[in-house]
Amino acid sequence: MTSVSPDARRIWRGVRLPLAVILLVVLTGTLVVLARGEQTPGALEPGSYEPGGSRALATLLEREGVKIPIARTAAEAKGVARDATVLITQPAYLPENTFAEIRRTAKRVVLVQPSPGTLEEILPGVRSTGQLEVQTRAPDCQAADPVAAGSATMGGLRYAATQPRAQDCYGGSYLEVPGPQATVTVLGSPEPLTNEGLSDEGNAALAMRLLGKHERLVWYLPTPADPSLEAEKKPLSELIPAGWSYAALQAGIAVVLLALWRSRRLGPVVTEPIPVVVRAAEATEGRARLYRKAKAAAHAGETLREAARARLRPLLGLTRDAEPAALVESVAARTGRSPAEVGALLYGDPPADDAALVRLADGLDVVEREVERS
């Protein structure tokens, strides 16, 4: 007998091509990862190749001879900020007094999209005035860097300053605030600094002029994990003013006294007989008298129709949300009536008077009996 099972040679010939393809894909992926180097994911991360990262901008600056120390804590940033440009990517996580110390020693500080509350704390005199759509915008100002860069993709938050020498550009989404200390530039959108937006319009020129003027650029990425923030956290008891504590104590005493005053000793559940028993027929008759007194034949007719439709649906195997057409067709099929006749009975015009209401009630009753008997 000749064996038909595949031997090792035939198996190898069958799988060697798929194995070669898989090996090629793995090697290619490995080479790409090694060529790109280590990546740090995250928004505005100088080591991130993601669309929202800033690896492309960091590479351009390094090629121009700019040294880029990366700081992730307030202590690291303050240690290397002297005579440098400092880019602060998350101003909301700045520890207390860190911005003031950095501004005293740096030559330029760039804040990316600070919130109104953050501005109020770290940069008095500058406020947020609303939002703008992120799109290509002309500088429309006299500031040197935006004028040289030309149109750029800007928008996001708008800012304004009370200082006379401050200049707002790109519809207010770029604000430059000079001073005796470092010049502060506030950006309403991170778009010009990202990998995705760097090649659009004059974004690269604006970013290079903004961050590449000095020998060092401190790329400061504040995070909630900064140990400096732990020292600033206060317990809830310290955040409540003293007057509120006394008021809360008095309110608590008042609530306890009110509860004692209104309290009742608990006892067994007391059952009480229903004072009046109203039979269903009497309730229906009373309701009918109200409809008759109000001359609401149309409303009464719709009530009868809705009740009839509700009773017919389960008899016909239909759900509560069945379409009118489905109900009409099912009733017509079971009773032998025409769909037009059934539709007029179940969904027709409201009765104009009591006589028409009586005819409608009789017709609905007959149809229901026919469906039950079918």
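How many helices and strands are there in the chain? The model, which is predicted, has 15 helices and nine strands. The chain runs to 374 residues, and 33% of them count as buried. About 23,500 Å² of the chain is exposed, with carbon and sulfur atoms supplying 57% of that area. Contacts can also be sorted by separation in sequence: among those between residues at least 6 apart, 62% join residues at least 24 apart.

One pair of helices shows how such elements meet. Two packed helices are described by the angle between their axes and the distance between the axes. Helix H13 covers residues 324–335 and helix H14 covers residues 339–347; their axes come within 9 Å and cross at roughly 125°. An angle of 65 to 115 degrees would count as roughly perpendicular, and one over 145 as roughly antiparallel. The angle between H13 and H14 falls in neither class, and the two helices are therefore oblique to each other. Their crossing is right-handed. On the H13 side, the residues in contact are Pro-324, Leu-327, Val-328, Val-331 and Ala-332. They meet Pro-339, Val-342, Gly-343, Leu-346 and Tyr-347 of H14.

A strand offers a closer look at a single side chain. Arg-108 belongs to strand E3, which spans residues 108–112. Is Arg-108 buried or exposed? Its relative accessibility is 6%, and because buried means under 20%, Arg-108 counts as buried. The side chain of Arg-108 has a polar partner: a polar contact of 3.3 Å links it to the side chain of Thr-185.

The loops hold two residues with notable backbone angles. Leu-44 is not a glycine, yet its phi is positive, at about 60°. This residue sits in the loop that runs between helix H1 (8–36) and helix H2 (55–63). With a relative accessible area of 6%, Leu-44 is buried.

Asp-83 likewise is a residue other than glycine with a positive phi, here near 60°. The loop that holds Asp-83 lies between helix H3 (74–80) and strand E2 (85–88). How does Asp-83 count, given its relative accessibility of 44%? Exposed means over 50% and buried means under 20%, so Asp-83 counts as partly exposed. Of these two loop residues, then, Leu-44 is buried, whereas Asp-83 is partly exposed.

Definitions and conventions
Residues numbered from 1 in each chain as written. Predicted model: local features only at pLDDT ≥ 70, side-chain atom pairs only at ≥ 80, totals over all residues. Heavy atoms only, no water. Helix = DSSP H or I, 4+ residues; strand = E, 2+ residues; numbered from the N terminus. Buried < 20%, exposed > 50% of the residue type's maximum accessible area, 1.4 Å probe, protein only. Polar contact = N/O pair within 3.5 Å; in protein donor to acceptor, adjacent residues only side chain to side chain. Contact = heavy atoms within 4.5 Å. Areas by Shrake-Rupley, 256 points an atom, 1.4 Å probe, with all protein chains shown as cover. Axes fitted to C-alpha atoms, helices over the stretch in contact; angles between N-to-C directions. Parallel < 35°, antiparallel > 145°, perpendicular 65-115°, else oblique. Left-handed = near helix turned anticlockwise from the far one by under 90°.
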